Amino acid sequence: MTKPVQIFGPVVSTYVRIIQIVCEEAGLRHDVVPTPANSPDNRHPFGKVPVVHLDGQEMYETASVVNYIDSAHNDGALQPSDPLMRSVSERWIGIANSYLFPLFEHGLVMPYIMHRYAGEPLDTKRISDSLPGIAKTLSFLDLELQRDGAWTSCGFSMADIFLYTVLRGVQLTPHGAAGIAQMERLPQWMEECHTRASMAATAWPMESGSTAS
Ligand SMILES: N[C@@H](CCC(=O)N[C@@H](CS)C(=O)NCC(=O)O)C(=O)O
C-alpha cells in the first residue's frame, strides 16, 4: 500500500483543502501535517502553504501539485481533454488564484478568522472597505454563469474545485453568506459542489451549516 499523501499546512486552509479534494477525487489517502505558514518547519521557498510530499517528491504550488495528482493518479479526469475547454478551466483557476483568493481572504475571510479564533476585534473597517469589490466580483461570477455557464461548461473540472474552495470560505462568513444568497445561479452551483463526495469528505471542522460569525 502506498504512503498517504502528506500535506504540510494549516488544518483550515483554502489551498490545503484543494489538495485534499483532489486526493479524494483520485482515491489517494492523505494526511494534513499541521504546519503554519510562518513555522520554521515550513519548506515553501516563498513562505506559503501547503508543501506536499507524494510519490517520493516534495512539491509546492497548488495548481501544479493537483495537476500532477490528477494526471498521475486520476487519468486526468479533472482536466478537460478538449483544448478550448482546458483553456476555459485554466482561466478560471487563474482567476481564483490571482483575483478571488486575495480579495476574499484579506478583505473578509481572515478578519473573521482572526476575530473568531484569535480573539481579535472584528476589523469592520477592512470588511466594509472590501465589500463593494466583493459584491461586484460575486455578481461577475454569477453573470458569467448565467451567460454561458462559464467554468461549468467544461463539466466538473479542476476549476470547480478551486472556485468552490475559495468561495466556501466567503460563504462561511455572515456577509459572504448573504452576498452569495442574493445571486441567481451561484447558490445552486455551490450546493451541488457542497454535496459532492470529495467536498463533503474534506469539509472544514467549523462547517456545520452555520456561518463563521
Ligand atoms: N501560490 C500558492 C498560494 C498558497 C497560499 O496563498 N496559501 C495561503 C494559505 S491558504 C498562505 O500561505 N497564507 C499565508 C501567507 O500568505 O503568509 C499555492 O498555489 O500554493
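In the predicted model, the span of residues 3–77 is 33% helix and 24% strand, and the C-alpha atoms at its two ends lie 22 Å apart. These residues are covered in the UniProt record, an unreviewed entry, by the annotation "domain: GST N-terminal".

Aromatic pairing was examined next. A pair of aromatic rings is described by the distance of the centres and the angle of the planes, and with a limit of 6.5 Å between ring centres the count comes to four aromatic pairs. In one of these pairs, the ring centres of Tyr-15 and Phe-101 are 4.8 Å apart and the planes stand at 75°, so the arrangement is edge-to-face, given that angles over 60 degrees are classed in this way. Because Tyr-15 belongs to helix 1 (residues 14–26) and Phe-101 to helix 3 (residues 83–118), the pair ties together parts of the protein that are 86 residues apart in sequence. Both partners fall under the 20% limit for burial, since the relative accessible area is 13% for Tyr-15 and 18% for Phe-101.

An edge-to-face geometry is also found for the aromatic pair of Trp-92 and Trp-151, with 4.9 Å from centre to centre and 65° between the planes. Trp-92 is located in helix 3, whereas Trp-151 is located in the loop between helix 4 (124–148) and helix 5 (158–171), so this pair ties together parts that are 59 residues apart in sequence. Trp-92 is buried at 1% relative accessibility, and Trp-151 is buried at 0%. Ring pairs further join Trp-92 and Trp-151 with Phe-140 and Trp-189, and the four residues are thereby linked into a cluster.

Aromatic rings also take part in arrangements with charged side chains. The charged end of Arg-17 sits over the ring of Trp-204, at 4.9 Å from the ring centre, while Arg-196 lies over the face of Phe-156, at 3.5 Å from the centre of that ring.

The ligand is surrounded by Ser-13, Thr-14, Tyr-15, Ala-37, Lys-48, Val-49, Glu-61, Thr-62 and Phe-101, a set that includes both members of the edge-to-face pair between helix 1 and helix 3. Polar side-chain atoms approach the ligand from several of these residues, including Lys-48, with such an atom 2.6 Å from a ligand oxygen, and Thr-62, with a polar side-chain atom 2.7 Å from an oxygen atom of the ligand. For Glu-61, an N or O atom of the side chain is 2.8 Å from a nitrogen atom of the ligand.

Two further positions were considered, beginning with Gln-79, which is found in the loop between helix 2 (62–73) and helix 3. Gln-79 counts as buried, because its relative accessibility is 10%, and its side chain is joined to that of Arg-86 by a polar contact of 3.3 Å. When neighbours within four places in sequence are left aside, the residues in contact with Gln-79 are Asn-67, Asp-70, Ser-71, Arg-86 and Met-158. Tyr-99, by contrast, has its place in helix 3 and is exposed, with a relative accessible area of 57%. Tyr-99 is separated from Pro-205 by 106 residues in sequence, and the C-alpha atoms of the two residues are 26 Å apart in space.

Technical notes:
Residues numbered from 1 in each chain as written. Predicted model: local features only at pLDDT ≥ 70, side-chain atom pairs only at ≥ 80, totals over all residues. Heavy atoms only, no water. UniProt positions renumbered as here; feature names shortened; annotations may be inferred. Helix = DSSP H or I, 4+ residues; strand = E, 2+ residues; numbered from the N terminus. Phe/Tyr/Trp six-rings, centres within 6.5 Å; stacked < 30°, edge-to-face > 60°. Buried < 20%, exposed > 50% of the residue type's maximum accessible area, 1.4 Å probe, protein only. Lys NZ or Arg CZ within 6 Å of the ring centre and 35° of its normal. Polar contact = N/O pair within 3.5 Å; in protein donor to acceptor, adjacent residues only side chain to side chain. Contact = heavy atoms within 4.5 Å. Near = heavy atom within 4 Å.
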